[in-house]
Amino acid sequence: MRTHTLMPSLLLLGALSLTTACSSGSPEPASAGPRATAASPSPIRTVDPSRIKGLEIVNDSSEQRSCPFATSYPDVPGAEAMTAAMKKDVEGRLATFRESACENGSDGELNISHQFLVASADVLGVRLTTRDGSAAADGQSARTYWYDGKAGTYRTAPDLIAQGSRDAFITGLKERLKGREGVDAASLDDTFSDPATRASAPDDMAFTADGGLRVTFDRGEVGTPAAGSYLVTLSKETVTPWLSAFGKRAQRQTVTPGGSLDLGATQPPAPVAPTHTASGDDDTDCKKVTCIALTFDDGPAAPETATLLTHLAQYKARATFFTVGQNVAAHPDLVRAEARGGHEVGNHSWNHPDLTKLRSEQAAYQLNRTSAAIKAATGQEPTLFRPPYGALNSTVRSATRLSPVLWDVDTEDWKYRDSAKVAQTVIGKAQRNSVVLMHDIHPTSVAALPQILRALTARGYHFVTVSHLRATL
Ligand code: ZN
């Protein structure tokens with residue numbers, strides 16, 4: 001039995017329960033978990049990422065309980081400077097986490113998920129939410145990143161405010177924070193006067209659907225750490241006079257989106273995914289022939305998943321994809337191609353948290369939201385789920401009707417990123433009716449498939465989906 005560090009667990013639970021209250025009516029997942037405020041805030045607007053041309057989601061994750069992490073951020077053509085800023089922040093946090101938690105075997109978990117705030121005309125806004133349960137970290141935090149296509153410039157949250165209005169804006173924020181339970185006047189002043197944080201605070205700002213500005217302060221920024229995070233929403237009338245020219249465009253494109261995002265970049269060609277068994281039921285009898293179920297987690301990813309589908313089609317091999325909801329939302333076309341190709345699409349949660357560390361309703365939300373995205377893409381609800389990190393308990397089991405799927409061949413492909421080793425591991429460990437765990441977010445794993453399919457086909461294996469394997473055994 002592992003021991004939990006009390007503090008991060010409590011914070012995580014507290015943040016999640018508050019998020020439930022705050023995000024009702026909002027499609028966002030357990031994200032900021034801001035401290036509940038008197039008035040129910042207008043939700044920040046969300047965007048359909050599948051409309052962003054050339055979008056790639058940069059994913060990194062483990063599937064191991066002793067080192068649980070999952071990070072993601074978007075790479076939008078034309079917004080390279082913004083992507084570079086997110087990459088630096090995400091990779092920095094991940095490196096620190098892997099050093100502190102993974103190397104020492106502590107029980108923390110790092111999760112960084114993304115959300116589009118606006119993607120319209122020449123304005124792009126993204127929010128990254130980090131939950132870090134490692135002992136050295138301070139729980140939950142979020143930051144928004146902005147790209148100004150007109151100026152061709154990456155912008156931070158404070159750039160939404162005009163230079164000349166910054167003092168009035170900060171005074172307005174302080175007025176709304178003072179007197180709230182747990183707010184500490186000294187840390188409030190420090191946040192805005194400390195030369196180290198002055199230019200970058202506050203770093204989490206997003207427009208609401210009605211043009212107001214929601215500012216979220218992470219735990220410890222303006223109050224005692226135990227008090228959690230704070231949320232201030234400035235009305236449209238209040239904040240508009242303080243906005244910079246870019247801030248006004250970002251506000252306008254949030255409230256009344258003016259069409260497709262166009263940052264002037266040439267779009268990479270959309271990945272072409274083949275189909276190979278569109279109409280057929282699989283009549284493979286696993287009682288009579290040697291079957292194996294290849295499974296691919298954490299996708300879909302462009303272009304890796306399309307390449308993988310091409311490899312599978314060449315061998316008329318079927319597989320099972322345990323997809324992550326935020327990637328399904330970005331690439332529904334790839335999920336549709338999986339289903340049309342005769343493969344099975346399963347559920348791997350919305351943003352890859354350890355479900356056993358969530359409350360039952362949060363675990364259910366992670367799975368339900370992903371099933372809905374899969375159904376929107378393919379027309380069919382999944383029946384299987386794979387819990388991230390293989391972490392399963394009775395709370396998670398009873399939170400869903402989906403049937404859990406673990407694995408018996410672990411390639412650990414996320415760890416070493418070596419095609420030859422992935423192929424060697426699968427070919428060496430494969431047994432009749434094995435369920436093999438791989439990840440289609442890694443090009444090195446996808447590149448191993450031709451060799452795996454060739455070698456196992458030569459040994460008489462038939463590649464079937466998990467549901468087919470279960471049904472015919
Ligand atoms: Zn996974």
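Cysteine 102 is buried, with a relative accessible area of 18%. That value counts as buried because the cut-off is under 20%. One word of caution before I go on: this is a predicted model.

So who is the partner of cysteine 102? A disulfide joins this residue to cysteine 67, with 1.9 Å from S to S. The torsion about that S-S bond is about 70 degrees, so we have a right-handed disulfide. What I like here is the reach of the link: cysteine 67 is in the loop between E1 and E2, while cysteine 102 belongs to helix H2, residues 80-102, and the two are 35 residues apart. Cysteine 67 is buried as well, with a relative accessible area of 6%.

How many disulfides does the structure hold? There are two. The other one is formed by cysteine 286 and cysteine 291, with sulfur atoms 2.1 Å apart. Which hand does that bond have, left or right? The torsion is about -85 degrees, so the disulfide of cysteine 286 and cysteine 291 is left-handed. Both ends are shielded: cysteine 286 is buried at a relative accessible area of 2%, and cysteine 291 is buried at 0%. Counting bonded cysteines along the chain, the pattern reads 1-2, 3-4.

Now let's go to the metal, and stay for a moment with that loop between E1 and E2. The zinc ion is coordinated by Glu63, through two OE contacts, by Asp298 (OD), and by His348 and His352, each through NE2, at 2.0 to 2.6 Å. For those of you who like motifs, the donor spacing in sequence is E-x234-D-x49-H-x3-H. Glutamate 63 lies in the loop between strand E1 (56-61) and strand E2 (69-75), and aspartate 298 in the loop between strand E10 (290-297) and helix H8 (304-314), so this pair ties together parts 235 residues apart in sequence. Are these two acids buried or exposed? Glutamate 63 is buried, and aspartate 298 is too.

Next, the aromatic rings. The count comes to seven aromatic pairs. Take phenylalanine 69 and tryptophan 414, which meet edge-to-face at 6.1 Å centre to centre, with 80 degrees between the planes. Phenylalanine 69 lies in strand E2 and tryptophan 414 in helix H13, residues 413-416, so the pair ties together parts that are 345 residues apart in sequence. Phenylalanine 69 and tryptophan 414 are buried.

Another edge-to-face pair is tryptophan 146 with phenylalanine 207, at 6.3 Å centre to centre and 75 degrees between the planes. Here tryptophan 146 sits in strand E5 (residues 139-148) and phenylalanine 207 in strand E7 (residues 205-207), so parts 61 residues apart in sequence are tied together. Both of these residues, tryptophan 146 and phenylalanine 207, are buried. Ring pairs also bring in Phe246, which makes a cluster of Trp146, Phe207 and Phe246.

If you enjoy cation-over-ring geometry, there is some of that too. Arginine 155 lies over the face of phenylalanine 246, at 5.5 Å from the ring centre. The charged end of arginine 369 sits over the ring of tryptophan 350, at 3.7 Å from its centre.

Last stop, a pair of strands. Strand E8, residues 213-217, pairs with E9 in the antiparallel sense over five bridges. Within that pairing, phenylalanine 217 stands opposite tyrosine 230 in E9. Four of the five residues of E9, residues 230-234, are buried, so this strand is largely enclosed by the rest of the structure.

Thanks, everyone, and I'm happy to take questions.

Terms used: Residues numbered from 1 in each chain as written. Predicted model: local features only at pLDDT ≥ 70, side-chain atom pairs only at ≥ 80, totals over all residues. Heavy atoms only, no water. Donors = N, O, S within 2.8 Å, 3.2 Å for Na, K, Ca; no water. Buried < 20%, exposed > 50% of the residue type's maximum accessible area, 1.4 Å probe, protein only. Pairing = 2+ DSSP bridges. Disulfide = S-S within 2.5 Å. Phe/Tyr/Trp six-rings, centres within 6.5 Å; stacked < 30°, edge-to-face > 60°. Lys NZ or Arg CZ within 6 Å of the ring centre and 35° of its normal.
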